[in-house]
Amino acid sequence: MTLHAVAHLPELPEGQGWHAQAQDHQWLLVRNGSRVDAYQAHCPHAGAPLADGAVCEGKLVCPWHKAVFDLVDGRLCEPPALDGLKRYPVWLDGDRVLVDDRPLEPAQRSTAAGDRRTFAIIGGGAAGTAAAAALREYGFGGRILLVDEQFEPGYDRTALSKFVLAGQMAAEDTSPLRDTGFYDSQRIERIQAGVVRIDHPARRLELSDGTTLPYHAVLLATGGVPQRLGVEGEALANIHALRSREDARQFMTHTQAGTRVVIVGEGFIGLEAASALRERGMAVSVAGRHPTPFAAQFGEAVGRRLRQLHEAHGVVFHVAGVQAFEGQTQVHTVMLDNGEQLPAEAVLVAAGVAPATAMLDGRWLGEDGAVIVDAGLQASEGLWAAGDIARFPLAGEATRIEHWRLAEQHGRLAAANMLGAQQAYEGVPFFWTYHFGKRLDYVGNAHDWDSEHRMGDLQALNFIQLLCQRGEVKAAVACEREAACAWLAERLKRPLPLAEALAQIKAMG
Ligand SMILES: Cc1cc2nc3c(=O)[nH]c(=O)nc-3n(C[C@H](O)[C@H](O)[C@H](O)COP(=O)(O)OP(=O)(O)OC[C@H]3O[C@@H](n4cnc5c(N)ncnc54)[C@H](O)[C@@H]3O)c2cc1C
Ligand code: FES
């Protein structure tokens with residue numbers, strides 16, 4: 001045992017983490033009165049310094065992508081981390097805080113022996129992988145089949161439009177959700193196959209190679225298929241979509257600095273790609289129907305500022321839809337429905353996704369192909385759905401949300417309920433988006449709001465804007481306000497009066 005004197009009690013703030021360091025060791029200290037706890041200093045997801053996050057209602061929230069950990073035992077409460085925090089023994093000697101550099105033994109997980117059930121998970125992306133891991137975490141001892149048509153185990157697809165297209169990371173270097181040893185050690189059987197039909201009455205999956213797999217319960221987590229535009233010329237070469245590593249590889253192979261690219265769609269993926277491709281020195285035009293991108297989610301003022309940011313970096317916006325693509329074998333012109341003709345050596349279509357649910361009987365599907373589930377993500381006895389494909393009740397409204405962290409929240413919730421927990425989704429949706437070196441956080445879910453309250457400087461992209469209805473905060477969009485958004489990601493689980501939010505955010509600086 002090596003103890004390190006790392007702080008004096010009076011210098012540790014209450015209600016906020018503190019970064020401590022001694023020799024090569026680093027910790028996060030959290031004080032509660034005369035008690036101090038020590039945890040690993042960096043988030044197990046992508047290494048964020050946890051002292052920059054927030055302490056809220058007995059939980060610690062990561063500043064970057066808002067993973068949540070219980071301060072009692074470091075247990076994981078909310079993804080995108082899929083592991084809890086290591087804890088370290090702490091001693092107080094007078095007011096000196098001493099920390100051991102060897103972590104406490106994690107609580108041993110036990111899985112129920114003799115469980116003869118087979119749970120099938122279709123789709124090994126964000127929701128499916130989180131669900132498989134959570135089933136073992138919650139003690140399931142039966143078989144887990146994780147069926148995915150892709151050979152590669154689940155990986156962080158959010159990096160594709162940010163760092164891969166910018167040339168800062170190879171597609172194959174995007175972080176795996178779990179290393180390959182994890183699947184073996186947790187007895188998660190990865191099966192590479194497309195599921196072409198779910199015969200749920202017979203509790204059987206039919207795979208593309210003709211084999212069938214029986215199951216007791218199934219979780220559908222198949223994500224989205226990029227929408228096609230349905231216009232002439234769409235099959236020409238060098239018209240791309242972006243969903244997978246392979247899509248990103250294809251795009252990278254066919255483009256280079258100077259390539260003239262037209263991006264169709266001014267949503268998050270389209271504009272993240274615009275930012276990345278400008279950084280790679282391409283000439284980028286964006287065609288989309290909305291003059292102010294993101295206005296529906298962030299409000300007009302923030303949307304206008306983001307458009308300005310893109311224009312200042314040379315992105316050219318065209319407010320129009322696509323009528324046709326022209327070219328011999330390869331696209332050379334994008335014809336817009338306002339009469340404009342945009343020269344293009346490559347096109348990226350980022351016009352949204354449709355739920356990948358062709359394998360499921362229509363009786364469980366809504367008009368848009370989403371699986372209709374209850375608040376516990378169940379569609380029918382033994383049938384569950386999670387992530388991009390699930391239409392679930394949120395604040396009384398059937399909602400489908402395409403966010404990474406939410407897909408993982410869904411996966412964990414579905415796993416608990418497959419084991420009989422009967423929990424409803426009570427999480428707070430969150431996503432982040434990245435443009436020209438600036439990360440924006442969006443916490444909550446607001447379709448319409450009656451007031452906006454901004455703190456900070458929007459022009460300098462250092463601000464937080466609260467979207468409120470009848471004096472309650474429904475959502476927030478922010479840049480450079482990580483701690484405040486971390487606090488909101490937990491606090492918004494309960495109704496939040498505007499006055500409380502303003503006071504807390506002001507106190508957080
Ligand atoms: C380029 C890009 C950037 C993004 N950036 C962000 C971001 O910054 N922040 C954010 O919050 N969200 C972001 N998202 C959205 C986020 O990635 C999705 O919401 C999330 O991946 C949804 O998880 P999922 O598990 O539902 O689906 P997925 O992660 O897509 O996983 C679905 C899996 O199902 C498999 N599958 C599909 N059909 C079948 C079948 N028939 N048989 C077997 N397997 C099948 C697929 O191969 C895939 O592995 C981004 C998405 C993309 C594409
Ligand atoms: S680094 Fe903590 S959630 Fe991503």
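The following is a conversation between a colleague and a modeller about a predicted model and the reasoning behind some of the terms applied to it.

Colleague: What makes the overall dimensions of the protein chain agree with those of a compact globule?

Modeller: A compact globule of 509 residues would have a radius of gyration near 23 Å, and the protein chain has 24 Å, so the two agree. Along the principal axes, the C-alpha atoms fill a box of roughly 80 × 60 × 45 Å. Of the 509 residues, 54% count as buried, and the chain exposes about 21700 Å², of which carbon and sulfur atoms supply 47%.

Colleague: How many helices and strands does the protein chain have, and what share of its contacts joins residues at least 24 apart?

Modeller: The secondary structure comes to 10 helices and 38 strands. Among contacts between residues at least 6 apart in sequence, 57% join residues at least 24 apart.

Colleague: How do you know that the structure has zero disulfides?

Modeller: A search of the whole structure finds none, and the distances for two of the cysteines can be set against the cut-off. A disulfide needs a pair of cysteine sulfur atoms within 2.5 Å. The sulfur of cysteine 468 has its closest cysteine sulfur, in cysteine 485, 13 Å away, which is too far for a bond. Cysteine 479 is likewise in no disulfide, with the nearest cysteine sulfur, again that of cysteine 485, 9.5 Å away.

Colleague: Why are cysteine 468 and cysteine 479 called buried?

Modeller: The term buried applies under 20% relative accessible area. Cysteine 468 has 0% relative accessibility and therefore counts as buried, and cysteine 479, also at 0%, is therefore buried as well.

Colleague: Why is glutamine 422 called exposed, whereas glutamate 480 is called partly exposed?

Modeller: Exposed means over 50% relative accessible area, and partly exposed lies between that value and the 20% under which a residue is buried. Glutamine 422, at 75%, therefore counts as exposed, while glutamate 480, at 48%, therefore counts as partly exposed. Glutamine 422 lies in the loop between α8 (404-418) and β34 (430-435), and glutamate 480 is placed in the loop between β38 (472-479) and α9 (482-491).

Colleague: What makes the backbone noteworthy at glutamine 422, at glutamate 480, and between proline 79 and proline 80?

Modeller: Most residues other than glycine have a negative phi, and most peptide bonds are trans. Glutamine 422, which is not a glycine, has a positive phi of about 60 degrees, and glutamate 480, also a residue other than glycine, has a positive phi near 65 degrees. The peptide bond joining proline 79 and proline 80 is cis, with omega about 15 degrees, and proline 80 is found in the loop between β8 (76-78) and β9 (87-88).

Colleague: How do you know that the span of helix α5 is close to the expected one?

Modeller: Helix α5 (residues 268-279) has 12 residues and reaches 17 Å from its first C-alpha to its last, against the 16 Å expected at 1.5 Å a residue, and these values are close. Among the residues of α5 that are buried are Gly270, Leu271, Ala274 and Leu277. The helix is followed by glycine 281, whose phi is positive, near 85 degrees.

Colleague: Where does the name "domain: Rieske" come from, and what share of that span is helix or strand?

Modeller: The name comes from UniProt, where an unreviewed entry lists residues 4-99 under it. In the model, residues 4-99 are 0% helix and 49% strand, and the end C-alpha atoms of the span lie 5 Å apart.

How values were computed: Residues are numbered from 1 along each chain as its sequence is written. Chains are lettered from A and ligands numbered from 1 in the order in which they are written. This is a predicted model: local features need pLDDT of at least 70, side-chain atom pairs count only at pLDDT 80 or more; totals for chains, interfaces and linings use all residues. Side-chain values use heavy atoms; hydrogens and water are left out. Buried means under 20% relative accessible area, exposed over 50%, partly exposed in between (1.4 Å probe, protein chains only). Helices (H or I, at least four residues) and strands (E, at least two) are DSSP runs, numbered from the N terminus. The expected span of a helix is 1.5 Å times one less than its number of residues. UniProt positions are given in the numbering used here, feature names are shortened, and annotations may be inferred rather than shown by experiment. The radius of gyration is taken over C-alpha atoms; the globule rule is 2.2 Å times the number of residues to the power 0.38. Contact means heavy atoms within 4.5 Å. Accessible areas come from the Shrake-Rupley method with a 1.4 Å probe; for residues, only the protein chains shown count as cover.
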